[in-house]
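Open the viewer and keep the selection tool at hand. This tour goes stop by stop.

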Amino acid sequence: MTARTPRLSRLRRLTPGRGEEGAGRSGRRRGATPKVVALGGGQGLSASLAALRRITGDLTAVVTVADDGGSSGRLREELGVLPPGDLRKALAALCGDDDWGQTWARVIQHRFQSEGDLHGHAVGNLLIVALWEQLGDPVQALDLVGRLLGAQGRVLPMSAVPLELQAMVRGHDPARPEDVDTVRGQATVALTPGEVLSVQVVPSAPPAVPEAVAAVLDADWVVLGPGSWFSSVIPHLLVPELLDALVETKARRVLSLNLAPQPGETEGFSPQRHLEVLARHAPKLALDVVLADEAAVPDRESLADAAKRFGAAVELAPVARRDGSPKHDPELLAAAYDRIFRMHGRIGPWR
C-alpha cells in the first residue's frame, strides 16, 4: 500500500453505486453494460474508442496531456491551457455513426488552411479552449462538448496541469551513438532518433483529475493502449494517483499492443519489448490480458513469457485493417474486445 491509498479509498466510497443491494461487483444492477475505461492518446486511443463504443454504453476515455506540437502546442504556449488535441480526437472517435455524429466529428477535426494565424488550428481545439476559458473547469467543459457532439462516452484529461515529457535517449546524436541525452517535448520524443530508455513527466508526480481516478476504480475493464508507447501510453503510469488506481482497481486490465513499431521512439521493438519497458516504468502493475494482432507477433512464446510477468494471458486476433496499413479496424478490434470481456474473468452482470 502506498501513502496515497487513503485518498483512493475516499474516492472509492464517493463513487456512485458501490454497495447497492443486488448490484454487481462495480455496483451496477443486472442488465447494465460493462463500465470500460480506456487510457492513451492520439490515433491509438481513437482506434480503441471507436471499437469500444460499439460494445458498451458506459465508456470513459482518460487522455494524456503532454502534447506540445502543432495547434495544441501553440494554444498551450499562448494561453497556458491543457493541450486540447488528443482530447478532441477522443471526442471525435466517440461520435456516433449517424449524420449528426459524423458531421460533428468532421467539424471538430477540420483544420483551417490560410496564410495567417489560424493556419493549422483545428476547430475542435478552439471550441474546447473557449469553453475552458468560459467555464473555468476542464472536466465540465469537456462534458459539455461531449453533449453537443452526442458523444457515446466521456472524455477526461489524466491531469489538470499541462505536462512536459522528457526522455532519456541513447544515440540521439548519431555522432555519439553510446551517449545518453535528455530529449524534451512529446513531439520531439515521438520522432527521436536513437533508443528511448525511459520517460518522465514534468512536473514530477502531477495531480490526477479526480474523476479519472474514480472512473478507473469503478470500472469493470480498463484498456491501456494502443498508441505511441513512450509518449501516449506510459505517461499515464507517471501520474502517481492514476497509477495507484490502476494497481488497486478491481477491474480487469487489457493491454492492447500496436500493430507495428513506431518510427523513432519504438523503432525495432518486438511486441515483448513493449511489455518489458512498460514493466520498468510500472513494476507493480498487473494485467489480465495482452491483446495483439496475430500477424504482428513473430515469436508467440516470447510474448507469452513477457505477459506472464504481468500475470496476463495473451489473446491473438486479426485486428488490423485489410488494406495492409498499420491501423486497427474498428469492427475487428470491437470483436476482439467483446470476446475478451466475455471469456476472461466473470460473466458479469451485463451478460
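How many bridges join strand β7 to β8, and do they run parallel or antiparallel? Select residues 221-224 for β7, then add β8. The count is 4 bridges, and the two strands run parallel. Bear in mind that this is a predicted model.

**Stop 1: strand β8 and its neighbours**

Stay with β8, residues 252-256. Pick out Leu255, the bridge partner of Leu224. Next, add strand β9, residues 289-293. Here 3 bridges join β8 to β9, and these strands also run parallel. Select Val254 and look across to its bridge partner in β9, Val289.

Now show the surroundings of β8. Is each face of the strand covered or open? Both are covered. Arg252, Val254 and Ser256 lie on one side, Arg253 and Leu255 on the other, and all of them are buried. That is 5 of 5 residues in the strand.

**Stop 2: the whole chain**

Zoom out. The chain holds 14 helices and 10 strands. Of its 351 residues, 54% are buried. Consider the contacts with a separation of 6 or more: residues 24 or more positions apart account for 70% of them.

**Stop 3: two crossing helices**

Select α4, residues 85-93. Add α6, residues 123-135. Their axes come within 9 Å and cross at roughly 110°. Angles from 65 to 115 degrees count as roughly perpendicular, so α4 is roughly perpendicular to α6.

Show the side chains where they meet. From α4, select Gly85, Leu87, Arg88 and Leu91. From α6, select Gly124, Asn125, Ile128 and Trp132. What kinds of residue make up this contact? There are 4 nonpolar, 3 polar and 1 charged.

**Stop 4: salt bridges**

Side chains of opposite charge can pair when their charged atoms come close. A search of the whole structure finds 12 salt bridges. Three of them follow.

Begin with Arg54 and Asp97. Their closest N and O atoms are 4.0 Å apart. This pair links distant parts of the chain, 43 residues apart. Arg54 sits in the loop between α2 and β2, and Asp97 in the loop between α4 and α5. Arg54 counts as partly exposed, at 31% relative accessibility. Asp97, at 51%, counts as exposed, because the cut-off for exposed is over 50%.

Move to Arg154 and Asp143. The closest N and O atoms in this salt bridge are 2.9 Å apart. Arg154 belongs to strand β3, residues 154-157, while Asp143 is in helix α7, residues 138-149. They are 11 residues apart. Arg154 is partly exposed, with a relative accessible area of 31%.

Last pair: Asp338 and Arg342. Here the closest N and O atoms are 3.1 Å apart. Where do both partners sit? Select helix α14, residues 330-343. The two residues are 4 apart in that helix, so about one helical turn separates them. Asp338 is buried, at 19% relative accessible area. Arg342 counts as partly exposed, at 32% relative accessibility.

Finish by selecting Arg53, Arg54, Asp97 and Glu331 together. Salt bridges that share partners join these four residues into one network.

Terms used:
Residues are numbered from 1 along each chain as its sequence is written. This is a predicted model: local features need pLDDT of at least 70, side-chain atom pairs count only at pLDDT 80 or more; totals for chains, interfaces and linings use all residues. Side-chain values use heavy atoms; hydrogens and water are left out. A salt bridge is a side-chain nitrogen of Lys or Arg within 4 Å of a carboxyl oxygen of Asp or Glu. Buried means under 20% relative accessible area, exposed over 50%, partly exposed in between (1.4 Å probe, protein chains only). Axes are lines fitted to C-alpha atoms, for helices over the stretch in contact, and angles run from 0 to 180 degrees between N-to-C directions. Angles under 35 degrees count as roughly parallel, over 145 as roughly antiparallel, 65 to 115 as roughly perpendicular and the rest as oblique. Contact means heavy atoms within 4.5 Å. Ala, Val, Leu, Ile, Met, Phe, Trp, Tyr, Cys and Pro count as nonpolar, Asp, Glu, Lys and Arg as charged, and the others, Gly among them, as polar. Two strands pair if DSSP finds at least two bridges between them.
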